[in-house]
Amino acid sequence: MADAKTDKSGSAESSAQKSVQKPDAEWRQELTPQQYRVLREKGTEPPFTGKYWNEHADGVYRCAACGNPLFDAATKFESGTGWPSFFQPIEEGHVGTEEDRSLFMRRTEVHCAKCGGHLGHLFDDGPKPTGLRYCINSASLDLDKEVK
Ligand SMILES: [Zn+2]
């Protein structure tokens with residue numbers, strides 16, 4: 001309600017997005033209990049249990065909460081961790097990061113830039129060309145398979 005003045009015409013903000021904000025009760029209704037636990041409560045699904053860790057289909061992985069495109073299947077790689085892993089987001093500005101000091105560790109938390117939903121964590125031991133590893137919960141993702 002406070003950010004009504006965001007319309008700056010003339011600037012080339014290609015990935016400017018409307019943020020999605022909903023009351024907690026609405027998320028609770030729309031998401032499965034597992035999705036809610038991960039996306040809204042920053043939970044982590046057990047490895048090798050999610051539906052996408054071993055998925056190899058082409059397509060676009062969207063945010064399970066708001067549909068925001070997050071990762072291209074072409075950037076998914078075998079990390080051996082049991083979680084879907086990507087070496088880069090589909091577009092700058094679609095995926096946000098934040099320092100996470102919970103559990104006595106320093107990690108980088110990854111979230112959907114549109115709805116703020118928790119996705120997973122970012123590590124710097126990924127493959128080339130980025131060297132990054134976005135370790136993402138399947139519960140946060142919804143694969144939009146490419147139609148050929
Ligand atoms: Zn989202």
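This report describes the fold, the core, the strand pairing and some backbone details of one predicted protein model.

## Overall fold and confidence

The secondary structure of this predicted model consists of 2 helices and 9 strands, and along the sequence these elements follow the pattern α-α-β-β-β-β-β-β-β-β-β. Of the 148 residues in the protein, 32% are buried. Among the contacts with a separation of 6 or more, 57% are made by residues that lie 24 or more positions apart.

The mean pLDDT of the protein is 89, and 87% of its residues reach 70 or more. Residues 1-15 call for caution, since pLDDT stays under 50 over that stretch, for which the model has 4 contacts beyond four places in sequence.

## The nonpolar core

The largest nonpolar core has 27 residues, and those with the most contacts inside it are Cys63, Ala65, Leu70, Cys112, Tyr134 and Ile136. At least two residues of this core come from each of helix H2 (33-39) and strands E1 (59-63), E2 (69-72), E6 (107-112), E7 (118-123), E8 (133-136) and E9 (141-145). Strand E8 gives the largest share, which amounts to 3 residues.

Cysteine 63 offers a view of the surroundings of one core residue: leaving aside its neighbours within four places in sequence, it is in contact with Asn68, Leu70, Cys112, Lys114, Cys115, Gly117 and Ser140. Two of these partners, Leu70 and Cys112, are also listed among the core residues with the most contacts.

## A sheet of three strands

An open sheet of 3 strands has the order E2-E1-E9, and its pairing is antiparallel. Strands E2 and E9 stand at the edges with a single partner strand each, so one side of each is left without a neighbour in the sheet. On average, and with direction ignored, neighbouring strands of this sheet are turned by 30 degrees against each other.

Within the sheet, the antiparallel strands E1 and E2 are joined by 3 bridges, and tyrosine 61 stands opposite phenylalanine 71 in E2.

## Strands E6, E7 and E8

Strand E7 is paired with E6 through 4 bridges, the two strands running antiparallel, and glutamate 109 stands opposite histidine 121 in E7. The hairpin of E6 and E7 has 5 residues between the strands, and in this hairpin glycine 116 takes a positive phi near 80 degrees.

Another 4 bridges join E7 to E8, again in antiparallel fashion, and here leucine 122 has tyrosine 134 in E8 as its bridge partner. That tyrosine is also named among the core residues with the most contacts. Because 5 of the 6 residues of E7 are buried, this strand is largely enclosed by the rest of the structure.

## Backbone details in the loops

Two residues in the loop between H2 and E1 deserve a look, namely lysine 42 and phenylalanine 48. Lysine 42 has a positive phi of about 60 degrees although it is not a glycine, and phenylalanine 48 likewise has a positive phi of about 60 degrees without being a glycine. Lysine 42 is partly exposed, with 17 other C-beta atoms within 10 Å, whereas phenylalanine 48 counts as exposed, with 10 C-beta neighbours inside 10 Å.

A further detail concerns the loop between E7 and E8, where proline 129 is placed. The peptide bond that leads from lysine 128 to proline 129 is cis, with omega near 5 degrees.

Methods
Residues numbered from 1 in each chain as written. Predicted model: local features only at pLDDT ≥ 70, side-chain atom pairs only at ≥ 80, totals over all residues. Buried ≥ 20, exposed ≤ 12 C-beta atoms within 10 Å, placed from the backbone. Contact = placed C-beta atoms within 7 Å. Core = buried A, V, L, I, M, F, W, Y, C linked by C-beta atoms within 7 Å. pLDDT = per-residue confidence, 0-100. Pairing = 2+ DSSP bridges. Axes fitted to C-alpha atoms, helices over the stretch in contact; angles between N-to-C directions.
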